[in-house]
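Let's take a friendly walk through one part of this protein. Have a look at the picture first, and then we will go strand by strand.

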Amino acid sequence: MFSRSALSRGAQLAARRQGSQLAQRRTYAAASSAPSALTYDTTEVSGVKVATRDSHGPTTKLAVVAKGGTRYQPAPGLTVGLEEFAFKNTDKRSALRIVREAELLGGQLVAYHTREALVLEASFLREDIPYFTELLAEVISQTKYTTYEFHEDVERVLKVKQAKLSNDVSAIALDSAHSVAFHTGLGASLYPTTSTPLKGYLNEHSVADYAGAVYAKSNIALVGDGATTTSLHKWTEQFFKGVPASPSSAATLNSKATTYYGGEQRTAHTAGNSLVIAFPGSSFGTFKPEVAVLAALLGGQPNVKWSPGFTLLSKAAASAPGVVASGTNLAYSDAGLLTIQVTGAAASVRKAGEEAVKALKSIAEGTVSKELLTKAIAKAKFDALEASQSGVSTLLSAGSGIIHTGKPFQIAETIQSIDGVTAEKLQTTAKSLIDGKATVAAVGDLNVLPFAEELGLKV
């Protein structure tokens, strides 16, 4: 046994790492066989909904997931403004101090939003959970929302991102599809375009008011991955007690229930071509396993190198070289959107879009083989399990589930229901989509891109 004093600093570090790696291998093995490895322990601590899952690794991810996505903003740009104010000056710390302290601890700080959630996330070494728990509580309750930061940082970054997104035809098409499908709420643009009138809506005062409505205990969840329940509960109780229990401003969230409308929208653009074909999908609140399997069967990109892929969209894309096609179910709290998106040269997008609709109709006619169905079910299960293991999507889905339905999205229930999908159920689901009202958004060369009627869809 080496004495600690006989080792150099470098040798000490190497010895500690070797010992910790051996210990981690044992805990990883134990964790992988434990049923709780994919589930969150949820409770309420000092009025805050807390979800914890210990992956037994050396690092921790901790996130505040707030009900502050674009569907809830009462005016355009407020969600983006609140996101950009994250980790700026607070009553206790300057933005510079926050950056320096996080870097000294090796941590990473990020803020982002979806259509339903605003997320403030910290990734750090496991033993630094007290500091980052305190920081997240401080950011949501004590940010200053100063005028100079709004003009020098928030507005400047907003314009840079707007310029970048103005040439992203895939993002524009997906935004258009949401607008047509849901109108308001989930139909609000994920990011304000350069033509969105923000004057009179977006300033430091309106962002501060929106923060008062969003950052309340009733609207947030604290989600930890890689932390023990005891540790996270202890520091949450200490640092989150100062967060308001209810909204503290006159601003109100847009809480209107989602309605699916469907329809068609066409936008001329010179930066490229993208076509989105969408239908009502599966939501967090009401999971539809048939939609998950249908999305996996539509697919798009091959899973095995040098293989064209077994999915129907990968075959459709093969008939139109140069296009990228994908099928995805975008799940929200009270609605979902099953999307088929094709991007590439205008003529190729048109051909691939026609083949994609033919593929969906073939499923509705019951022509899917037993082998294809088996592959699709396996892919749907793998995609769900992979997404649940770690990473950004895990914290987001768990937090979104808690703030909207009262419980995190549990993967075990999902897998069991996916196993129960039959060819008859898949056929019935596909037929109901084809017979119902579709959503079609085309962006690019409108002289070539097809209308919904030309694709054989009802809008």
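## A pairing to start with

This is a predicted model. Begin at Ala 278, whose bridge partner in strand S11 is Thr 439. That pair belongs to a wider match: S8 and S11 (residues 439-444) run antiparallel and are joined by five bridges.

As background, strands of a sheet pair through backbone hydrogen bonds, either parallel or antiparallel.

## The other neighbour of S8

S8 is also joined to strand S10 (residues 336-343), by seven bridges, and these two strands run antiparallel. You can find two of the partners yourself: Ser 274 stands opposite Thr 343, while Pro 280 has Leu 337 as its bridge partner in S10.

## The whole sheet

Where does S8 sit in the order of the sheet? The sheet is open, has five strands with mixed pairing, and follows the order S7-S11-S8-S10-S9. Strands S7 (263-268) and S9 (324-331) are the edges, each pairing on one side only. On average, neighbouring strands are turned by 10 degrees against each other, direction ignored.

## Helices against the sheet

Helix H11 (residues 346-364) packs on this sheet, where it touches S8 and S10. The direction of H11 makes about 20 degrees with that of S8. Helix H9 (residues 289-298) lies across S9 and S10, and runs at about 170 degrees to S9.

## Buried or exposed?

Why is S8 described as largely enclosed by the rest of the structure? Strand S8 covers residues 274-280, and six of its seven residues are buried, so the rest of the structure largely encloses this strand.

Note on methods:
Residues numbered from 1 in each chain as written. Predicted model: local features only at pLDDT ≥ 70, side-chain atom pairs only at ≥ 80, totals over all residues. Heavy atoms only, no water. Buried < 20%, exposed > 50% of the residue type's maximum accessible area, 1.4 Å probe, protein only. Helix = DSSP H or I, 4+ residues; strand = E, 2+ residues; numbered from the N terminus. Pairing = 2+ DSSP bridges. Axes fitted to C-alpha atoms, helices over the stretch in contact; angles between N-to-C directions. Contact = heavy atoms within 4.5 Å.
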